[in-house]
Amino acid sequence: MGKGIAITGMGVISAIGNNVEENYRSLVSNTIGITKISHIDTVHKNDIMVGEVSATNSELEAQLGLSPDSWSRTSLLAVIAAKEAIANAGIEDINAFKTGLISGTTVGGMDKSEQYFYEYFENDKTWHHINGLHAGDSTQKIATELGMEASFTTTISTACSSAANAIMLGARMIKSGRLDRVIVGGADCLSKFTINGFKTLMILSDTYNTPFDDDRKGLNLGESAAYLVLESDAVVAKENKKVLGYVKGYGNANDAFHQTASSDHGDGAVLAMKQALKVAGLSTDAVDYINAHGTATPNNDLSEGRAMVRVFDGKVPEFSSTKAFTGHTLATAGAIEAVYSVLALQNNVIYPNLNFKTPMQEFDLLPQTELKQKELQVVLSNSFGFGGNCTTLLFSKQA
Amino acid sequence: MTKRVYINSVGSVSAQKTFENDSFLDEITVHYDTTISVISPNYKDYIPPAAARRMAKGIKMSTVSSKTALDEAGLENVDAIIVGTGLGCIDDSEKFISAIIDNKEQFLTPTRFIQSSHNSVSGQIALGIGCKGYNYSYVHSAASFESCLIDAMMQIQLEEAKNILVGGVDELVAHHVDTHRLIDHIKKTPVESSKLLTSKTAGCVMAEGAHFFVLSEKKQASTYAELIGVRTYNTLSKEQLAQTVTEFLREHELNSDAIDLVVLGYNGDVNFDAYYDLLTQDMFLNTAQAYYKHLSGEYDTASGFGFWLASKVARTNTLPAAARLNQITTATPRTILLYNQYRGEYHSLVLLRQC
């Protein structure tokens, strides 16, 4: 039986709160973060709803003590969440152990690149953003801000499973002894690039997203950053660390079906969930709650629902998608939902799947629609992305 | 006992004619420019023309290079696919951005957006060969390819996979070049390949390429070398470098005398090549030295070309004259060390051994 990797710190900033505590309060009080878009001037502003972090770039820069227009919003969000995670883990000397950083992102510094795409050639005041386009830039900024030196840092981009894969890699690197401690998670800000990209795919809802509802109209894009600190048993023992929960299992598989769509039968999702259970050494009946990917696109919820029915042989435990609160925060989804899964374990609660009215015709799956108290030992969290990328994480109360 | 990791095949599309594995830099293409494109294979030999028309260049280069590697390893499928790319299919990203701006967010089509997803290469390869296994994409600038190697080594050593396709790919694209020339990351004046290191100008000669390899737990007739170790470092000061290399070698129970060939990522940037000088003029002064970015150009996954070069050297016992940095030769390059960094960041050390 696989032994879990300890989680000792968490940080998050999203449309429903600027830290872990605020996010949790929103989740248990049905406070959603979906609104009309306010920070980006897009022609689609009347056709879409989004999950925006409420603070403006100026406010985030002030919080970090940066001068105006220093960084991409992705980096601003990333550093705020990563610092919260480090503080929460009580880490004072980041280089005291073999420490790594693994971050997931899809857009990187795209917000600035699209803003200054032509202006770069006219205004040298914008040039500090040129090298901010590449996805590794926000990761390096976190590493610098945290004071990491001569350390393993990397960036993963597998679309909407990026941060889930960062968590999985981090857990594997601790398990293999390559690292003693690792900060894992992801960051993605909203951008015209993603708004228009998803618009062309015709999977953006013009109203509040409704996961697993028969009449679902698509997703709301969101933005967020979330990081967790994973530490080896040796570090936990030596530092007498409080453990918030464990990464108990993980699985990544590919649907190998279509560039963007998931297969109707959910083969990749089935493989990922089974792999995670195998790594954890758990049977399906050990899973107490599923925090589903549940983006509310017609394709995802059908594929994921079918996969859950297949894996759990019809006996699917309580499940819900928290995307109705936060929107789909792309690369970050797996990290923000990891934080929510650990909070669920700590507080023994299942979050409601909001906006659900009509069961889907293809199966008789009913998401949990009310906040529910339940003794939880194991939570399963799914994240699926373009390129057929499917990742499942299992979080547990006990190692 | 930990499983050994073997490099069982290679595949390359680069600024040299490397797409066929039966030659090894037999004819060198001399470049005189600030940017260099790949010498393209005849894509029709590898990809149906209808499919190729819609494909991003990064996907095309990767299709050829990965197919070459799979064929040479004698595999139709693998347990995992791990791809590194600094910028993904950035031509599509840039065209999608300019379309958003120029058309005021109207009349857009999804193809460019889909291909601009950083994992479109790894996803496309999986789709092409029907691989439902582990599928990751690392996008960490000049440490993207090395991140793949670390992940793949870990999987084989932990017995999570037997055969893994790893690769690195990046495209050369106009807007990216033009903007990076503004900030002196790319040279402003052309330089001839053989004079790269004496140009004494800022920036690199930017290029593109795709390099794929099959890493396996079992040695076979096609095996090039054993992959002994890989490490990356987000920062390293010049003062730390020698000590870091020494510690890395010690982890593998080696010292600098055990290194028969050192392969360095010199890119001709007067501001950052000093890192390599620290090794070539001291610790490895009396060791055979090789460099390659005058042949491949610089890009985030150019170290894939270095890995390809080192693998070929290990297999053939030959270091092509064009890649030699000093006069010292070695008849049997048994242990090979690669060191790369980009602009003082993203340092990596990779260790190969003949087998």
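How many residues of domain 1 of chain A are in contact with domain 2 of chain A? Keep that in mind while you get set up; the answer comes at the second stop.

**Before you click**

You are looking at a predicted model, where local features need pLDDT of at least 70, side-chain atom pairs count only at pLDDT 80 or more, and totals for chains, interfaces and linings use all residues. Residues are numbered from 1 along each chain as its sequence is written, chains are lettered from A and ligands numbered from 1 in the order in which they are written, and side-chain values use heavy atoms, with hydrogens and water left out.

**Stop 1: chain A on its own**

Select chain A and switch to cartoon. You should find 12 helices and 15 strands; these are DSSP runs, numbered from the N terminus, with helices being H or I of at least four residues and strands being E of at least two. The C-alpha atoms fill a box of roughly 60 × 55 × 40 Å along the principal axes. With 399 residues, a compact globule would have a radius of gyration near 21 Å, and the 20 Å of chain A agrees with that. (That radius is taken over C-alpha atoms, and the globule rule is 2.2 Å times the number of residues to the power 0.38.)

**Stop 2: the two domains of chain A**

Now colour A 5-239 as domain 1 and A 248-396 as domain 2; such bounds come from an automatic or database domain assignment. Their C-alpha centres lie 21 Å apart. Here is the answer to the opening question: 63 residues of domain 1 of chain A touch 63 residues of domain 2 of chain A, where contact means heavy atoms within 4.5 Å.

Between these domains about 4800 Å² is buried, and carbon and sulfur atoms give 69% of it. Buried area is the accessible area (1.4 Å probe) that two parts lose on being put together, summed over both.

Next, show A:Arg216 and A:Asp301 as sticks. They form a salt bridge, with the closest N and O atoms 3.8 Å apart; the rule asks for a side-chain nitrogen of Lys or Arg within 4 Å of a carboxyl oxygen of Asp or Glu. The count of salt bridges across this interface is 1. There are also 26 residue pairs in polar contact (both at pLDDT 80 or more). A polar contact is a pair of N or O atoms within 3.5 Å; within protein, one must be able to donate a hydrogen and the other to accept it, and residues adjacent in sequence count only if both atoms are side-chain atoms.

Which element of chain A gives the largest share of the side of domain 1 that touches domain 2? Pick helix 6 of chain A, which supplies 9 residues.

**Stop 3: over to chain B**

Hide chain A and bring up chain B, with its 11 helices and 12 strands. Its radius of gyration is 19 Å, close to the 20 Å that the globule rule gives for 355 residues, so chain B is as compact as a globular protein of that length. Along the principal axes, the C-alpha trace spans about 60 × 45 × 35 Å.

Colour B 6-216 as domain 1 and B 225-353 as domain 2. The contact between them takes 53 residues from domain 1 and 46 residues from domain 2. About 4000 Å² is buried here, 68% of it from carbon and sulfur atoms. Select B:Ile7, B:Phe24 and B:Leu197: in domain 1 of chain B these lose the most area to domain 2, together 17% of what that side buries.

How many salt bridges cross this interface in chain B? The rule finds 0, though it does find 15 residue pairs in polar contact (both at pLDDT 80 or more).

**Stop 4: where the chains meet**

Show both chains again. Here 65 residues of chain B are in contact with 64 residues of chain A, and the area buried is about 5400 Å², with carbon and sulfur atoms giving 61%. The rule finds 4 salt bridges between the chains. To see a salt bridge here, zoom in on A:Arg172 and B:Asp151, whose side chains meet at 3.0 Å, N to O. Residue pairs in polar contact number 30 (both at pLDDT 80 or more).

Finish by selecting helix 3 of chain B (90-102). Helix 3 gives the most to the side of chain B that touches chain A, with 9 residues.
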